[in-house]
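Work through the exercises below with the model open. Each task is followed by a solution in steps.

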Amino acid sequence: MDPIDLRDALMNFPGITEEEPFGPGTIVYKVLGKMYALSTYETPLAVNLKCAPTRAVELRHQFGAINAGYHMNKKHWNTVTIDGSIP
């Protein structure tokens, strides 16, 4: 997956907006005005995704490329490194 594929996947739902509230380079995706994803599209490609707390922990244990959200509330956010290891 490259940055264009990631953006397409994040925008593939009705009502999604794309914003830069933290300044240029950090793209925030919102649904109905609430943030659900953000990425800087830097290398390595990664995205922070909002998740139910119990599911967030399960996913961290299941996949090495999923970690507690970088610079985010660790209870609700995971950082997913797009390295091809997650189906």
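**Exercise 1. Strand pairing around β4**

Task: In this predicted model, determine in which sense β3 and β4 pair and over how many bridges. Then find how many bridges join β4 to β6.

Solution.
- Step 1. The pairing of β3 with β4 is antiparallel and rests on two bridges.
- Step 2. To place the register, take Leu38: its bridge partner in β4 is Asn48.
- Step 3. Follow the chain between the two strands. The hairpin of β3 and β4 has six residues there, and Tyr41 takes a positive phi near 60 degrees.
- Step 4. Turn to β6. It is joined to β4 by five bridges, and the two strands run antiparallel.
- Step 5. For a reference pair, use Lys50, which stands opposite Trp77 in β6.

**Exercise 2. The largest pocket**

Task: State the volume of the largest pocket, name the residues closest to its centre, and give the make-up of its lining by class.

Solution.
- Step 1. The volume of the largest pocket is about 420 Å³.
- Step 2. Its lining comprises 20 residues, and Val47, Leu49, Val80, Ile82 and Ile86 are the closest to the centre.
- Step 3. Assign the lining to elements: α1 (3-10), β4 (46-50) and β6 (77-81) each supply at least two residues.
- Step 4. Sort by class: 14 lining residues are nonpolar, four are polar and two are charged.

**Exercise 3. The second largest pocket**

Task: Describe the second largest pocket in the same way, and decide which element gives the most to its lining.

Solution.
- Step 1. The second largest pocket has a volume of about 330 Å³.
- Step 2. Its lining is made of 15 residues, with Thr40, Ala46, Asn48, Tyr70 and Thr79 nearest the centre.
- Step 3. Two or more lining residues come from each of β3 (34-39) and β4.
- Step 4. β4 gives the most, with three residues.
- Step 5. By class, seven lining residues are nonpolar, seven polar and one charged. Asn48, listed in Step 2, is also the bridge partner of Leu38.

**Exercise 4. The setting of Lys30**

Task: Is Lys30 buried or exposed, and which side chain makes a polar contact with its own?

Solution.
- Step 1. Locate the residue: Lys30 belongs to strand β2 (residues 27-31).
- Step 2. Lys30 counts as buried because its relative accessibility is 18%, and the cut-off for buried is under 20%.
- Step 3. The side chain of Lys30 makes a polar contact with that of Glu19, at 3.1 Å.
- Step 4. Leaving aside residues up to four places away in sequence, Lys30 touches Gly15, Ile16, Thr17, Glu19, Met35 and Tyr36.

Notes: Residues numbered from 1 in each chain as written. Predicted model: local features only at pLDDT ≥ 70, side-chain atom pairs only at ≥ 80, totals over all residues. Heavy atoms only, no water. Helix = DSSP H or I, 4+ residues; strand = E, 2+ residues; numbered from the N terminus. Buried < 20%, exposed > 50% of the residue type's maximum accessible area, 1.4 Å probe, protein only. Polar contact = N/O pair within 3.5 Å; in protein donor to acceptor, adjacent residues only side chain to side chain. Contact = heavy atoms within 4.5 Å. 1 Å grid on protein atoms, 1.4 Å probe; cavity = no way out; pocket = protein on both sides within 12 Å on 5 of 7 lines; lining within 4 Å. Points joined across faces, edges and corners; volume = space filled by probe spheres on them. Nonpolar A, V, L, I, M, F, W, Y, C, P; charged D, E, K, R; others polar. Pairing = 2+ DSSP bridges.
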